[in-house]
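Me: Please take me through the packing in this structure, asking of each term on what grounds it is applied.

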Amino acid sequence: MQQYSVVGKSIPRVDGSLKATGEAKFTVDIALPGMLYGKILRSPYPHAKILSIDTSKAEALPGVKAVITGKDTGEVRFSFIDTPRYPADQCPLAIDKVRFIGEEVAAVAAISEDSAQEALGLIEVEYEELPAVFDPEEAMKDGAPRIHDRIVPTTTTAWEDFGVTREARPYDAVNNISNQVSITVGDAEQGFKESDHIRQDRFVIPTTSHIALEPHGALASFDSAGKLNVWLSHMGYEHKRYWLAKTLGIPISKVRVNKTYVGGAFGGKISLFPYEFLAAFLSKKTGRPVKIILSRSEVLSTCHTSRRFTVDVKTGVKRDGTIMAQHIKIIDDAGAYRSSSPTALYLAHVFRHAIYNIPNVRHEGVGVYTNKLFTGPKRGHSLQQISFAVESQLDMIAEELGIDPLELRLKNLRKKGDILPNGDRLDSYGLPECLRLAAESSGWKQKWGKQPNRGMGIGTGGMFSGGHNYPFGSAAFIKLNPDGRFTLFTGQTEFGGGVDTVMAQIAAEELGLTIDDIVVVSGDSELCPYDIGNWLSGGVYVSGQAVRRAAADAKQQLLAYAAEALETKIDQLEINNGRIYAEADPDKAVSLSDMYKYGIQMRGGDPILGKGYTKAVQDVGFWGGSFKGTAALSQGRGRFTDAYGLAAAIAEVEVDKETGKVKVLHIVVADDCGTDINPLNVEGQLESQAAMAIGDVLFEEVVIEEGRVINPTLGDYKIPGALDIPKLTTISVQDYEPKGPFGAKEVGETARGAVIPAIANAICNAIGGRIYSLPMTPDKILKAMKDERG
Amino acid sequence: MKQLIQLTVNGEPHEVRVEPWKTLLEVIRDDIGLTGPKEACSTGECSACTVLLNGKPVNSCLVLAVEAQGKEISTIEGLSQSNQLHPLQDAFIRHGAIQCGFCTPGMLLSAKALLDENPQPTEEEIREAISGNLCRCTGYNKIVEAILEVAQSQ
Amino acid sequence: MAIPKLGYLLKLPKFDHLEAKTIEEACSLLAKYKGKARVIAGGTDLLVSMKGREISPQYIINIKAIPNLDGINYSRKDGLVIGAMTTLAAIESSPIIGEGFPILSSAAHQTGSPHIRNIGTIGGNLCNAAPSADMPPSLIGLEAKAKIKGLTGERAVTVEQFFLGPGVSALKAGEILTEVQVPNPPPHTRGVYLKLPARTAIDIAVVGVAVVVTLDTKGVNIADAKIVLGAVASTPIRARQAEDIIKGKALDDELIQKAAQAAADEAKPISDVRGSASYRKEMVKVLTNRALKQATTQEG
């Protein structure tokens, strides 16, 4: 492992003191002169026609400055995925009907929250209730209520705007099917024929909420020159800018996303939300800034939650445990709108195809519309759901074959250097080491199967380090200051992952400087160049590379000028600690601030500005009708990512067999994120995901009855607290990724996909029974124990 | 409808005109302008709104502003003095106990109240003291380590 | 909590805030604005219900300025007297209570989070009358009384009689709860409150069981027993049949099992997000069993 000076060090967060003192401003904290408060009126019915809306009484209330409905906003459409094949299906305000309880129907802007709240009560909406359907298998039957009419795109779709030259066509959600996926590798039928042992099981994963502590919210301000300033709680500004520009009909260059700190996101704040559009629309209409902050129960009831999957897994193995074939069928209960279903269904295959070498795969899935709150990405997107299913079944297979579950995993792993069926290369692959170290640390060999009332379980996960999704890459600028320090401009969004710190470390390392020498300007779309954002784990791998290249570019310029100033050949110069000196004679040196002066005085005013850029997936692109290696999501073809993050986890639990209560004793997470740019940061990401997984397995679920979220407060939807977290051991395996900045790749999402099955398997191991759904409540645990005995 | 009330926040007197249905959290943030305490759940479940009332941590989203008169109110803004960080703030930063930062103000005040009353808590007592402060980012263990370090150094 | 009608707002509705300086004033205001007024104690339950629009009282009556409504006092004659406005934190940390009535310290400790305990009061916990409240089972087990003052004078009911239904207490119009009085328990009395939190460590009880047993002078047979169940009926309830099974007898595993089963049979739980009715019944049995064992092995 190479030794670095700044990279690889546990440097405290550069924004740590701002957050510790309360100085750090989040969107909820920003106030502008003349600001109005916006509130949204929402549908009380899961499926209904809107017959009429009377806003006159609301408009007449003193303090109310604007009331809008779908008639004002028009049939502008948006979605997480908007492609020629799957055109966008959502509008910011309902047009002719509502499709889930909580859908946006009208919005108000007023001088106080109290008057906005009062105004909502004065809006009169006449609905005609329609039959609703809540179960996806019911929704797919002939005769089920039809949730979406034919969707006819009225503009180009997003992917056409991005350069894909296929024309959008209307979409008919026949049998309420919103989208499908079908991926084939090898010949599954043949693979099953060659198997000695086959299992088929069904697993059900419910929807959970992200519960980022900062509620969703936006502040928008249109000025009289036609410029839109927004402050958002988000995960990447390019996606937001594109959609705001598109839906509002303004040029993207007139949309500025300002920097705010974001109080957590976990995948729940990526795509455009109606309240963001509405804040901007109301601002345009009133000529004043408009702030809309959602309450917690509003977030839990109306902002997308994680994807609900029913997974049928059929796996065939040889007697010795070699996996021959796997057939996956997924029903994605998408809710009222499609959102990220196409992406999630394909990712459910491709995230994990880096883990096990399964020669024959048939992977199918459908997204289904139902009259419920729609779902979307959450930290790992569909990795958690598929991992729970596949890893649970592997444990069952191991038991039936009499093989140690650890050995079964090790036996089927891929190898470093493997080329995956779609062409992705595993240039780094630390998973075998992850499993071995996790086993060692957890005491697997000594403890598994040997402790009454206790159980141990294993899980693995895999994840992209960025993918070819808009805006497809990142750039960074870095400028030299008169004092020899640098200002770095990166579009990365700081929502807790520590990107401001990590980007500064990368730049500092490249330039031979310390963390204090880099001022980071991030997350401001006016000042910073385009950026892939921080979802699908593109942050460090893609933007970090852009930052490194920008620093390298500046370094080259500095060295070139220093070569002139010192009259020394450029390849005989060293740059370190703010000085450039001749290797042979270190006293023959200039400082970086000297070079600032040199560029301006002697080279025509050149201020030394470094530019760096990179694409998420180098070999992929489309232009003018030709598609070089691009992914065809629904068929699993094309190149997906240039580097896979990988993780293994082992959990140890104790089950109180009388109450069904689970005590998690120990979780070991072993993760391969390539080089740890910041080890403390990496530990933080792994511990975070372990804690989140405890909630996923033991008690988290957004409970919906007849279309109504019945647990929309934090008293009814519980997340782990300090008393619920056991000993957590994190291990960073660091298999150097040659294509990543200083060898780094993904770290924020894989571990959750490994810990969830680890805990689930540990519980089932402790009770000697199998539970096929999450969360594993005490009730389910006691029932599973009885079934086993009876 | 508005009442004139006096609130003492971080040792300083503030006169504000507020309606009786305003919570202490709303008045601190919107009328007095201190945005350290945060609203994350509104129902007293997450404690991101923690302020100290006469030294005791409470959920300010469940305290009526008109009933907070005559009490010493401490927010996160009062923890550091003239940009000098309190040992707890310093420890949080060094231990990686801060990620997104939204729960941090409340977490720090709960920790401070604990150490003021019990300077040498056990790990269990620390977890009990912050049991009402929800954090979705860190998984809590680094927060506990930071508080333990400050406790052991006193 | 029900979803509010107007967009899930979770802001408080408008109200007038009235301050009562004496008990008489509080009672008059309550009587005057009958049906439209609520007393605010700690506010941790009241304000949450108001934010959710379950209730929208026009008048909130603040009684914090009334003297002598909080405080913990003990005398051999009257036993323990806890003012209604005493915070749960004060009860949790009170040496008097810890010494003589440790089951109450334990119950207070298991109620909510430290933040809630710092402003939540015992009076509020009783008057809110949630079936899952943590203080009532122990108080009922200790045969505590609720002292009530109204315009026509003072009266007392047992804490057991104080609960009429979910959210409904025995307070009539114009009455307030002033104190809780806990008589001195007889010698050789031990109490245990076991709470099964629904999901996380800090959570509402899915089942709560308080057991208070008094051994005879020889320390062998059960002279008296109270088994009180929380969160499994529309109010906290005494499991009297279970109590009768063990009274006058020496406890052994078999008897404890029988009593625990009887207690489970007497429970009438509902199913909700926190647990199913069948799970709750089963847990009454498990917790009663454990509580009886713990109560009879505690040091006197």
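The exchange below treats helix packing, the core, the domains and the contacts between chains of a predicted model.

Me: How do you know that helix α12 (residues 383–401) of chain A and helix α20 (residues 750–767) of chain A pack, and what describes the arrangement?

Reply: Two packed helices are described by an angle between axes and a distance between axes. For α12(A) and α20(A) the angle is about 40°, and the axes lie 8 Å apart.

Me: Why is the crossing of α12(A) and α20(A) called right-handed?

Reply: A crossing is right-handed if the near helix is turned clockwise from the far one by less than a right angle. α12(A) passes α20(A) in this sense, and the crossing is therefore right-handed.

Me: Which residues make the contact of these two helices?

Reply: From α12(A) come Leu383(A), Gln384(A), Ser387(A), Phe388(A), Glu391(A), Ser392(A) and Asp395(A). From α20(A) come Arg752(A), Gly753(A), Ala754(A), Ile756(A), Pro757(A), Ala760(A), Asn761(A) and Cys764(A). By class, the contact has seven nonpolar, five polar and three charged residues.

Me: Why is Gly753(A) of this contact counted as polar and Pro757(A) as nonpolar?

Reply: The classes place Gly among the polar residues and Pro among the nonpolar ones, so Gly753(A) and Pro757(A) are counted accordingly.

Me: What makes a set of residues the largest nonpolar core here, and which residues have the most contacts inside it?

Reply: A nonpolar core is a set of buried residues of certain nonpolar types joined through C-beta atoms within 7 Å. The largest such set has 411 residues. Ala507(A), Ala649(A), Val669(A), Val755(A), Ile759(A) and Ile763(A) have the most contacts inside it. The largest share of this core, 12 residues, comes from α20(A).

Me: How do you know that Ile763(A) is in contact with residues beyond its neighbours in sequence, and which are they?

Reply: Contact requires C-beta atoms within 7 Å. Leaving aside neighbours within four places in sequence, Gly455(A), Val653(A), Val655(A), Val662(A), Met776(A) and Ile781(A) meet this condition with Ile763(A).

Me: Why are residues of helix α4 (residues 113–122) of chain A called buried, and which are they?

Reply: A residue is buried if 20 or more other C-beta atoms lie within 10 Å of its own. Ser115(A), Ala116(A), Gln117(A), Glu118(A), Ala119(A) and Leu120(A) are buried, so each of them satisfies that condition. The buried residues of α4(A) pack against β1 (36–42), α2 (56–60), β3 (64–69) and β5 (104–110) of chain A.

Me: What makes up the domains of chain A, and how do you know that domain 1 and domain 3 touch?

Reply: The domain assignment gives domain 1 (16–23 + 473–615), domain 2 (27–133 + 215–298) and domain 3 (402–464 + 644–789) of chain A. The centres of domain 1 and domain 3, taken over C-alpha atoms, are separated by 38 Å. Even so, 14 residues of domain 1 are in contact with 15 residues of domain 3. On the domain 1 side, α16 (499–511) and α17 (539–566) of chain A give two or more residues. That side divides into five nonpolar, seven polar and two charged residues.

Me: What makes the contact between domain 1 (10–185) and domain 2 (189–295) of chain C?

Reply: The centres of these domains are 25 Å apart over C-alpha atoms. The contact takes 21 residues from domain 1 and 23 residues from domain 2 of chain C. The largest share of the domain 1 side, five residues, comes from α8(C). The residues of this side are 12 nonpolar, seven polar and two charged.

Me: How many residues join chain B to chain A, and what makes the largest contribution on the side of chain B?

Reply: The contact takes 39 residues from chain B and 43 residues from chain A. α2(B) gives the most to the chain B side, with four residues. That side divides into 19 nonpolar, 14 polar and six charged residues.

Me: What makes up the contact of chain C with chain A?

Reply: This contact takes 20 residues from chain C and 30 residues from chain A. Helix α12 (residues 277–295) of chain C supplies the largest share of the chain C side, three residues. The residues on that side are 13 nonpolar, four polar and three charged.

How values were computed. Residues are numbered from 1 along each chain as its sequence is written. Chains are lettered from A and ligands numbered from 1 in the order in which they are written. This is a predicted model: local features need pLDDT of at least 70, side-chain atom pairs count only at pLDDT 80 or more; totals for chains, interfaces and linings use all residues. Axes are lines fitted to C-alpha atoms, for helices over the stretch in contact, and angles run from 0 to 180 degrees between N-to-C directions. A residue is buried if 20 or more other C-beta atoms lie within 10 Å of its own, exposed if 12 or fewer, and partly exposed in between; C-beta atoms are placed from the backbone. Domain bounds come from an automatic or database domain assignment.
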